[in-house]
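I opened this entry to look up a few loop positions, a surface patch and a helix pairing, and I set down each point as I found it.

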Amino acid sequence: MSEVVVTGLSVAAPNGLGAADYWSAVLAGRLGIDRVSRYEVGGYPSRFAGEILDFDVAAHIPGRLVPQTDPVTKLAIAVADWAIADAGVELSAFDNDTLGVTTSNASGGFDFTQREVQKLWTLGPDHVSAYQCFAWFYAVNTGQISIRNDLRGAGGSIVADQAGGLDAIGHARRLVRRGQRVSIAGGLEAPLNPYAFVSQIALGRLSRSDSKEDAYLPFDARAAGYVPGEGGALLILEDADSARERGARQVYGSIIGYGSSFDPHPDSGRAPNLSRAARTALDDAGIEPAEVDVVFADAAGLPELDAAEAAAITEIFGPDGVAVTAPKSTVGRLIAGGPPLDVATALLALRDQVIPPTVGTAAPAPGYEIDLVVGSSRPAPLRTALILARGFGGFNSALVIRR
């Protein structure tokens, strides 16, 4: 099978726009989590989130698209532009039928929808924007990126909550192996307007902490929920030979393994299947667990789920058998945008030979036999990384990348 490589990437995160700003923030452990600033949350049980506050829409989005798109699509368009520029790829040099995009999104255009539904309630249907018919849709990021860049090859949009972000990259890898020359892959989310925020509170998994420093503590004995966030990442995937032929200026790494699984019903008495997804990805990569240098954890921030993930990692690698980190602790859980951001983070870690820390967590809770990187970044010889993701409802995905 052909080798699929990442030749470009970019991100939008609460602690940095673009890969360079984000990466420096993560290495420094700089939080992008704070009290929600866009509206009053004093009456809400959860009050913290990872907001992107410095994105200049006018500087990055064509004026005609501004009234047509939700904030998440504005982010997606900009991040795609940045990733293409980072790869140095001239898309016009290829047959556009061999160019595609696969994104994941689980929350759609919440902000746009809330605004238009309020118009419907207060002013009537004649005042609802015609753009509502697509601006809310979870597939609109794929569509708008395709239109903007004239990508007419195979693509798609995948919905599997948090796990969908890795599924999108796994699907794009499959398309490149089938002959696609360039595939844009990843996910973004922007679920922080009141409608979206309250919807997440209703799940009962959000942190109710009164301190931003303690609001999201994955694998810590004090863990009591997660903080939601917005943003994500997009990668440029190419066949290795094709990238070499066009003179790609960089290769961040290879996507060498992918696997997914689904948990049994909670009442079945059977264990969750995250370890099966991870083993499937390792088998697909053709490597043994001992060859993995670092695991980027799903890091749910809830004791039961953290314990299950720690047990799965220990089952595969043995007690303290591999370095584990959760840099998403600086930005919150970004639903489908989180795992692609983890992949981008892992690729930068492999490039610079350093593992970013899990911020806030003091040490793994008793009984978690994992070598969790906390406190500060850890220099280490890194060649291979495993990224894990779980979605609400039983989705599990895993991806293996190699320097």
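Leaving aside its neighbours within four places in sequence, which residues is valine 66 in contact with? I worked on a predicted model, and there I found valine 66 in contact with Val57, Ile61 and Lys74. I placed valine 66 in the loop between helix 2 (57-60) and helix 3 (71-87), and I noted it as partly exposed because its relative accessibility is 31%, which lies between the limits of 20% and 50%.

Next I turned to leucine 53, which I located in the loop between strand 4 (48-50) and helix 2. I entered leucine 53 as exposed, since its relative accessibility is 60% and the class begins over 50%. With neighbours within four places in sequence left aside, I recorded contacts of leucine 53 with Ser37 and Arg38. I also noted that the C-alpha atoms of leucine 53 and glycine 16 are separated by 9.8 Å, although these residues are 37 residues apart along the chain.

I then looked at the surface and found a nonpolar patch of about 340 Å², made by Trp136, Phe137, Tyr138 and Val159. Of these I followed up tyrosine 138, which sits in the loop between helix 5 (132-135) and helix 6 (140-149) and is partly exposed, with a relative accessible area of 32%.

Last, I checked helix 7 (residues 164-177) against helix 12 (residues 338-352), whose axes come within 6 Å and cross at roughly 65°. I listed Gly165, Leu166 and Ile169 on the helix 7 side of the contact, and Pro339, Pro340 and Val343 on the helix 12 side. By class, I entered five nonpolar residues, one polar and no charged ones for this contact.

Methods
Residues are numbered from 1 along each chain as its sequence is written. This is a predicted model: local features need pLDDT of at least 70, side-chain atom pairs count only at pLDDT 80 or more; totals for chains, interfaces and linings use all residues. Side-chain values use heavy atoms; hydrogens and water are left out. Axes are lines fitted to C-alpha atoms, for helices over the stretch in contact, and angles run from 0 to 180 degrees between N-to-C directions. Helices (H or I, at least four residues) and strands (E, at least two) are DSSP runs, numbered from the N terminus. Contact means heavy atoms within 4.5 Å. Ala, Val, Leu, Ile, Met, Phe, Trp, Tyr, Cys and Pro count as nonpolar, Asp, Glu, Lys and Arg as charged, and the others, Gly among them, as polar. Patches are made of residues with over 30% relative accessible area and no salt bridge: like charges are joined within 9 Å, nonpolar side chains (Val, Leu, Ile, Met, Phe, Trp, Tyr) within 5 Å. Accessible areas come from the Shrake-Rupley method with a 1.4 Å probe; for residues, only the protein chains shown count as cover. A salt bridge is a side-chain nitrogen of Lys or Arg within 4 Å of a carboxyl oxygen of Asp or Glu. Buried means under 20% relative accessible area, exposed over 50%, partly exposed in between (1.4 Å probe, protein chains only).
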